[in-house]
Amino acid sequence: MDQQLTSRLEADLFLLHAPSVYDFRERDDMLFAYLSDSDSVNVTSVYEMYPIGWFSIKQRLAEHGFDAKIVNVASLMLMHPDLDVRRLFGRFEAPVFGFDLHWMTQCHGAIELAALLKEVHPDALTIFGGISSTYYASQLITYPSVDVVVQGYDTLEPVTELVATVRQGSRDFRSIPNLLYKTGGEVQATGFTHKPATRYNDARHDWSYYQDTAGAGPSASKLIMTLPNTGCAHDCGWCGGSRFAYRNIMGVRKTLIQKDNDLIVDELRTMKEAAKRTSIYALQCYSENKVRMHRYLDAVKEVGYKSVFFEQFNLTPPDTLTKMGESTAAYIMLSPESHDPKISAAAGRGTYTMDQMEEWIPRALDAGVKGVMVWFFIGMPFQDRQSVMDTVAYSERLIRKFGGSDALPLICPMVPFLDPGCRFFEEPEEHGYRIFHRTLEEHRQAMVEPLWHRRLNYETRWLD
């Protein structure tokens, strides 16, 4: 690390992923509990997982001759407790630095990190993007450390145009869509008009660089993610990526925008021989139709990936189960949210009962699926304390019936926040919710509350 801090690192754009709380290493007044930030992603409460969309930005800029580098500052701070972040930033040279709020988990750390960056590089341009940044764009742009907010679910073109403009020595962004930016002390808006209805994220992720990650060695196991679409075919009330949320935040009617299937297959092939020791987290495949899903599975089998974890909204049909089992070591993640059909339906699920699921699990295992994870949430409509404890009791029964590994139940609260922009956040009274934090700054201050339950931005009529 000392050698890295004495060398210079140049790029056209640095994408910097902050910890959830910037100064977490110096805080002795906060409990950083090990909790999940959603129903399917386990990370520490520093939330060191950066957005997968950054890979697409990096690739698109490379296609236009620009160099984007991703620096996971959160992970560096975890791995190197004595890391001097200011000194690290002093070695970065670029005209543009990008940051993410990442479903609001980074709302404190990212803005603080951007402020530090501006102290070190006062002439650099700081940009923010993503779903949460889009929702809070008019508030986010008012922070002194924020120069530009790029709105939208697909910002490849606006970001490429912005980097090209800055590299040409200009700060005239009037012709670039989807921007809020500051000029002469005033905030300018270029209009939120770039909303592709097809060919989402139209850049191929090239995983070849990941075949032998520095320090890991060629035999180390790896994990990648694939994202075949944005938005959703479904409408869960707690989710900031649902149909309601996309219409509310993005101002679109079509809420499921798919990536070209040929690009997805090409991405899978770029891993080559390293695929045999690589696992995939297949994000949002629950919104894929059967034709696209089966072609994905054919590519997984062709390249020889070690294992794949599939998110599924419904109980996977027999032909797809068979194809999964033949293609790889397949694991399925279901998220009924509650064992109670009424609560499950109110949460946006409710497409099967627990009896139906228990009948389906042996069929999935017989088809070659290696295991099923069953996710339950705490904080759903109609869910009181007794209902939560009944879910725990049901989980114990499920473990006893299937031995724990074949069908593994998991339960967690929805932390740290109910997604701003989702139906329950926008219509809380109608669905039995009370919202504690509304503004971006209120959420930022909540992130540094001493106890995790005080960070929550909601409670329900049934659970405080």
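Before you start clicking, one cut-off: a residue is called buried under 20% relative accessible area, exposed over 50%, and partly exposed in between. Keep in mind, too, that this is a predicted model.

**Stop 1: H102.** Select H102, which sits in the loop between β5 (96-100) and α5 (109-120). Its relative accessibility is 21%, so H102 counts as partly exposed. Now look at the backbone: phi is positive here, about 50 degrees, even though H102 is not a glycine.

**Stop 2: the sheet beside that loop's strand.** β5 belongs to an open sheet of 7 strands, so color the set in the order β3-β2-β5-β6-β7-β8-β9. The pairing in this sheet is mixed. Which strands stand at the edges? They are β3 (68-72) and β9 (186-189); each has a single partner strand, so one side of each is left without a neighbour in the sheet. Turn the view a little and compare neighbouring strands: on average they are turned by 25 degrees against each other, direction ignored.

**Stop 3: one pair of strands.** Stay in the sheet and pick out β7 (residues 148-150) and β8 (residues 179-183). These two pair in the antiparallel sense, over 3 bridges. For a concrete example, select V148 and look across to β8, where its bridge partner is Y181.

**Stop 4: F382.** Next, jump to F382, in the loop between β16 (371-378) and α15 (385-402). Here is another positive phi in a residue other than glycine, this time near 70 degrees. Is F382 buried, partly exposed or exposed? With 38% relative accessibility, F382 counts as partly exposed.

**Stop 5: a pocket.** Now show the second largest pocket, which holds about 370 Å³ of space. To find its middle, select I378, W452, L456, L463 and D464: of the 15 residues that line this pocket, these are the closest to its centre. Which elements give two or more residues to the lining? They are α15, α19 (452-455) and β19 (458-460). You have already met α15, as the helix at the far end of the F382 loop. Try coloring the lining by residue type: it divides into 9 nonpolar, 3 polar and 3 charged residues.

**Stop 6: a cis peptide bond.** Finish with V415 and P416. The peptide bond from V415 to P416 is cis, with omega near -5 degrees. To place P416 in the chain, look in the loop between β17 (407-413) and α16 (423-426).

Note on methods:
Residues are numbered from 1 along each chain as its sequence is written. This is a predicted model: local features need pLDDT of at least 70, side-chain atom pairs count only at pLDDT 80 or more; totals for chains, interfaces and linings use all residues. Side-chain values use heavy atoms; hydrogens and water are left out. Two strands pair if DSSP finds at least two bridges between them. Helices (H or I, at least four residues) and strands (E, at least two) are DSSP runs, numbered from the N terminus. Axes are lines fitted to C-alpha atoms, for helices over the stretch in contact, and angles run from 0 to 180 degrees between N-to-C directions. Buried means under 20% relative accessible area, exposed over 50%, partly exposed in between (1.4 Å probe, protein chains only). On a 1 Å grid over the protein atoms alone, a cavity is a set of points where a 1.4 Å probe fits but cannot get out, and a pocket is an open set with protein on both sides within 12 Å along at least five of seven lines; lining residues have an atom within 4 Å of a point. Grid points are joined across faces, edges and corners, and a volume is the space filled by probe spheres set on the points. Ala, Val, Leu, Ile, Met, Phe, Trp, Tyr, Cys and Pro count as nonpolar, Asp, Glu, Lys and Arg as charged, and the others, Gly among them, as polar.
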